[in-house]
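Visitor: Before we look at single residues, I would like to hear how each label attached to this chain is justified, value by value.
Guide: Then let us take the labels in turn, once the chain is on view.

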Amino acid sequence: MTSTARRLRTPAATSALLVAGVLLAVVSVLSLSIGVVPIPPADLLSPTPQQWQLLTVSRIPRLLAVLLAGAAMSVAGLIMQRITQNSFVSPSTSGTVEAAVLGVLMATLLLPGASLTAKMAVAIVTAVLGTLVFLQLLQHIRYQDPVVVALVGLMYGGVISAVTVFLAYQRDLLQLLEIWQTGSFSAVLAGQYEPLYLVLVVGALGYLFADRFTVVGMGREFATNLGVRYTAVLYTGLVVVSVMGAVVVVVVGAIPFLGLIVPNVVSLFLGDHIRRTLPATALAGAGFVLGCDVVGRTIRFPYEIPVATVAGVIGAGVFVWLILRAAQRTAP
């Protein structure tokens, strides 16, 4: 039995998951309670008609959107890191998110009367194409150092963002563009967040292919020797990641570093096997975004700081720590 498997079977790992679940439940109750119109936690079990209306129209949809978006982007990052064999690759460092934003903008410009579903479809297509281009770039990078790959991905995403901003500036859509580039849940209401349920279907597909993704992450030759169709599994992972990223961007906007830091931190404790770490990664991602949302709603109450801002500050610090840690491990 490997050291990773032993860690996964220890009571400490199970206890950590249980504690994380309890903390997520506690913060969820807090999320439902806080707001301009506070609802005491005791009233959540027997709310008044006015409180129930507020919960069903705003608070519960917001909570569900936070949990779904956080879990989706974290799982997307986990899958992308495994299939690319690079722990610093994620939807936000491979151009996936930026390509999805470009797709939403193109759909808005070319199909101004299009529904949210149509815009989402365009965003998914551009996200897939954008990620494909990044994978092609990876094949031409001579030194496959994780940090170098991450920097290339950031520069590639920056180029896409520059094109997007230029188009938005030309059509006077910069304010609208900011909504997709800055993830926030302040405008989430019942009837607006439901497309996020698509990530549950795609996430289930990712879980079914988890073992194949793990094998593909060991390289083409190794996967082929085990009878795994390397290209087919690789593109399946690409579609899963792109759909998750595009759906989250269209509904709530981009959340930086989420798909990068959460899978890395979870892998430090639970190892690299996707099937075993995927549930914990989803739970950790949902908890991280929920915590950022609660902080953003309370730090300048009654005003809100976007989740993307809070997550960006925390994520940037963790990203630097991961880079320094990787540099220490590779140092002679």
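**Reasons behind the labels**

Guide: In this predicted model, the protein chain exposes about 16,100 Å², and carbon and sulfur atoms supply 68% of that area. Of its 332 residues, 48% count as buried.

Visitor: What makes up the secondary structure of the protein chain?
Guide: The count comes to 14 helices and zero strands, so that, read from the N terminus, the elements run α-α-α-α-α-α-α-α-α-α-α-α-α-α.

Visitor: How do you know whether the chain is as compact as a globular protein of that length?
Guide: The radius of gyration of the protein chain is 20 Å, and the globule rule gives 20 Å for 332 residues; because the two values are close, the chain is judged as compact as a globular protein of that length. Its C-alpha atoms fill a box of roughly 60 × 55 × 35 Å along the principal axes. Among contacts with a separation of 6 or more, 76% join residues 24 or more positions apart.

Visitor: How do you know that the span of helix 12 agrees with its number of residues?
Guide: Helix 12 covers residues 258–270, and at 1.5 Å a residue its 13 residues should span 18 Å; the end C-alpha atoms are 18 Å apart, so the expected span and the model agree.

Visitor: Why is helix 12 called mostly covered?
Guide: Buried means under 20% relative accessible area, and 10 of the 13 residues of helix 12 are buried. Among them are Leu258, Leu260, Ile261, Val262 and Pro263, and also Asn264 and Ser267. After the helix comes Gly271, whose phi is positive, near 90 degrees.

Visitor: What makes Phe257 unusual in its phi, and why is Phe257 called buried?
Guide: Most residues other than glycine have a negative phi. Phe257, however, which is found in the loop between helix 11 and helix 12, has a positive phi near 65 degrees. Its relative accessible area is 18%, and since buried means under 20%, Phe257 is buried.

Visitor: Is Asp172 buried or exposed, and how do you know?
Guide: The relative accessible area of Asp172 is 71%, and exposed means over 50%, so Asp172 is exposed. Asp172 sits in the loop between helix 6 and helix 7 (174–181), and Asp172 too has a positive phi, of about 55 degrees, although it is not a glycine.

Visitor: Why are Pro146 and Thr231 called partly exposed?
Guide: Partly exposed lies between the cut-offs of 20% and 50%. Pro146, in helix 6 (residues 146–170), has 30% relative accessibility and therefore counts as partly exposed; Thr231, in helix 11 (residues 230–251), has 38%, so Thr231 is given that label as well.

Visitor: What is Pro146 in contact with, leaving aside its neighbours within four places in sequence?
Guide: Pro146 is in contact with Asn86 and Phe88, contact meaning heavy atoms within 4.5 Å. The C-alpha atoms of Pro146 and Ser87 are 6.8 Å apart, although the two residues are 59 residues apart in sequence.

Visitor: Why is the peptide bond from Phe301 to Pro302 called cis?
Guide: The omega of the bond is near 10 degrees, and the bond is cis. Pro302 is placed in the loop between helix 13 (274–298) and helix 14 (307–330). Most peptide bonds are trans.

Definitions and conventions. Residues are numbered from 1 along each chain as its sequence is written. This is a predicted model: local features need pLDDT of at least 70, side-chain atom pairs count only at pLDDT 80 or more; totals for chains, interfaces and linings use all residues. Side-chain values use heavy atoms; hydrogens and water are left out. Helices (H or I, at least four residues) and strands (E, at least two) are DSSP runs, numbered from the N terminus. The expected span of a helix is 1.5 Å times one less than its number of residues. Buried means under 20% relative accessible area, exposed over 50%, partly exposed in between (1.4 Å probe, protein chains only). The radius of gyration is taken over C-alpha atoms; the globule rule is 2.2 Å times the number of residues to the power 0.38. Accessible areas come from the Shrake-Rupley method with a 1.4 Å probe; for residues, only the protein chains shown count as cover.
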